[in-house]
Amino acid sequence: MTTNWYKEAVFYELYIRAYKDSSGDGRGDFRGAIEKLDHIKSLGVDCVWVMPHYPSPLLDDGYDISDYLGIHPDFGALDDFKAFLNAAHERGLRVITDLVLNHTSDRHPWFQAARRDKNSPHRDYYVWSDTGTEYADARIIFLDTEPSNWTYDETAGQYFWHRFYRSQPDLNYDNPQVHEEMFRIMRFWLDMGIDGFRADAVPYLYQREGTNCENLPETHQFLQKVRRIMDEEYPDRVLIAEANQWPEDLLPYFGTPEAPDFHVCFHFPIMPRLFMALKKGDKTPIVDILNRTPAIPPGTQWMTFLRNHDELTLEMVTPEEREWMWRQYAPDPRMRLNLGIRRRLAPLLDNDKRKWFLLNALFLSLPGAPILYYGDEIGMSDNIWLPDRHGCRTPMQWDAGQHAGFSDALDTYLPVNRDYEQVNVAAQEADPDSYLNLTRFLIRARQSQPALRAGLLEWVKSGSRELLAFRRHTNGKDGVLCLFNLSDRPQTFTLKRERVDLLARPQMAMGGTITLPPYACHWFRN
Ligand code: NOJ
């Protein structure tokens, strides 16, 4: 039986290395994460996305996999993973993992065999060239570090293709053997009982001369095969696409009812516009992008997010908007990385709880399944002085003790943020106005309303650019009117009748002309 559970679920992105160290080596592990599942459950989350947990040299924090069927020794062994999965399931939490289809680590035995021997059956698992001049129209994604998508390999005597770091050679999807390998890997984890995958970097699977090598028809054909396996052999699991693309290019990632691709796609373009609208005090960027977002097939869903483990990506904005976002949100050049901003949610919002509450309430009331990034539920800070994206991947702050209660080791894999004595889970438990309790409150309020979980969105006239107003409803009747004052000036709005505000604590009825102070918001129930 399929339930489409993912359409109304709240997700949580979990970085095992950062969460809780049970072995005393300064790195988080699955046994540690089990101890903290009750925290995740207490937020009102339904499903946990575990970032790559496979053996890896960690040159891209695990997105460079050297063995798809194992567990990174830092995190434990396969039995520890199974124990984590069981413990999550016992609590009614689902678990999805990362499926990295596009590339392996260069330490993967396939690549090692491929580079050493032209006649190895694995040579054709990767994409080679004698000149490194092909596919010149494909952009470089890791702009700050990689000068080209081709790197010459001395051992192989040829160039190999890679869309990310040179330590991540792309697999060759023109080779059907690669498909079979990936199907075997999927079945291995699905047979173990995981609830689905977040599929990494799906637009780039194929290369074709004269194209930008993104979103090619061949890519969709392969992804439809992946989906068919899920539907036929593993019903009720979910397949989520990470495709950082414009709304119209995202639509094909849902496929069609006859030939589906993904159940869920991240909505990348809306994310920077939420930050843009808040900084400008102008709802236009949000309204425009949602108006530009096409309707999606039945049984599918968007995934909305504010932050994740990567830089806040500015790929889906114009160059002028990007410059503006950098000026506003990344005044220090250290805050910039590739085409984005390596900062966490609370510091991006000046640690202003009004803005933090507004942005969370906004993203939790948009159509889509929301996903939270670990640590943002306590307003964790970042460390821009760490390399790459590590500044947003520091240890979770549990209490005011040594290493914020994350580990008993002398040293941790990354330094704990300096603010941990004030910003930690234990300190926030007792305070009803803490980030932690507000997160719980908001998720509970959202999940209590069918209209917010699954309803349509309809714009409501507010009379000003500063005031964003929309209605979510499932059948025209049971609606929620959502109001957000994006600006630092009071706004007024007239309610035609008295209504209960779900965001007031305690819930409270209001009517007539109301004034919204700067950054205030309401969810009015019918
Ligand atoms: C997207 C992931 O989110 C990112 O962390 C990673 O570096 C690239 N894909 C390459 O796998």
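These are my notebook entries on a predicted model, taken feature by feature.

**Entry 1: a small sheet**

I began with strands β4, β5 and β6. They form an open sheet of three strands in the order β4-β6-β5, and the pairing is antiparallel. β4 and β5 are the edge strands, since each pairs on one side only.

I then went through the pairings. β4 covers residues 128-129 and β6 covers residues 158-161. Two bridges hold this antiparallel pair. On the β4 side, S129 stands opposite Y159. W128 has F160 as its bridge partner in β6.

Next came β5 and β6. Four bridges join these antiparallel strands. F160 turned up again here, as the bridge partner of T151. I noted that F160 is therefore a partner to W128 and to T151.

The link between β5 and β6 was my next stop. The two strands make a hairpin with four residues between them. G157 sits in the turn and has a positive phi of about 70°.

**Entry 2: T151**

I stayed on β5, residues 150-153, where T151 lies. Is T151 buried or exposed? T151 has 15% relative accessibility, so it counts as buried, the cut-off being under 20%.

Which side chain makes a polar contact with the side chain of T151? I found H162, at 2.7 Å.

I also listed the contacts of T151, leaving aside neighbours within four places in sequence. They are Q158, Y159, F160, H162 and R166. F160 in that list is the bridge partner of T151 too.

**Entry 3: helix α5**

I looked up which residues of α5, residues 109-116, are buried. They are W110, F111, Q112, A114 and R115. What covers them? The cover includes β4, β5, β6 and α6, residues 176-192. So the strands of Entry 1 came back here, as part of the cover over α5.

**Entry 4: the largest pocket**

I turned to open space. The largest pocket holds about 530 Å³. Its lining has 25 residues, and I296, W302, P367, G455 and L456 lie nearest its centre. Four elements give two or more residues to this lining: α10 (284-292), β10 (301-305), α16 (450-454) and β15 (456-459).

I checked the classes as well. The lining has 14 nonpolar, eight polar and three charged residues.

**Entry 5: the second largest pocket**

This pocket holds about 380 Å³. Which of its 28 lining residues are closest to its centre? I wrote down I141, F142, F164, E242 and D310. By class, the lining has 12 nonpolar, seven polar and nine charged residues.

I set the charged residues of the two linings side by side. The largest pocket has three, and the second largest has nine.

**Entry 6: F357**

F357 is found in helix α13, residues 353-365. Its relative accessible area is 13%, so F357 is buried by the cut-off of under 20%.

What does F357 touch, not counting residues up to four places away in sequence? The contacts are L438, F441, L442, L503 and C521.

I also checked F357 against H267. The two are 90 residues apart in sequence. C-alpha to C-alpha, they are 21 Å apart in space.

**Entry 7: backbone exceptions**

My last search was for unusual backbone angles. Most residues other than glycine have a negative phi, and most peptide bonds are trans.

D61 has a positive phi, near 50°, and is not a glycine. D61 is found in the loop between β2 (47-50) and α4 (78-90). At 9% relative accessibility, D61 counts as buried.

D388 also has a positive phi, of about 50°, although it is not a glycine. Where is D388 found? I located D388 in the loop between β14 (369-373) and α14 (425-429). D388 is buried, with a relative accessible area of 18%.

Then I looked at a peptide bond. The one that joins R505 and P506 is cis, with omega about 0°. P506 lies in the loop between β18 (491-501) and β19 (508-516).

Technical notes
Residues numbered from 1 in each chain as written. Predicted model: local features only at pLDDT ≥ 70, side-chain atom pairs only at ≥ 80, totals over all residues. Heavy atoms only, no water. 1 Å grid on protein atoms, 1.4 Å probe; cavity = no way out; pocket = protein on both sides within 12 Å on 5 of 7 lines; lining within 4 Å. Points joined across faces, edges and corners; volume = space filled by probe spheres on them. Nonpolar A, V, L, I, M, F, W, Y, C, P; charged D, E, K, R; others polar. Buried < 20%, exposed > 50% of the residue type's maximum accessible area, 1.4 Å probe, protein only. Polar contact = N/O pair within 3.5 Å; in protein donor to acceptor, adjacent residues only side chain to side chain. Contact = heavy atoms within 4.5 Å. Pairing = 2+ DSSP bridges.
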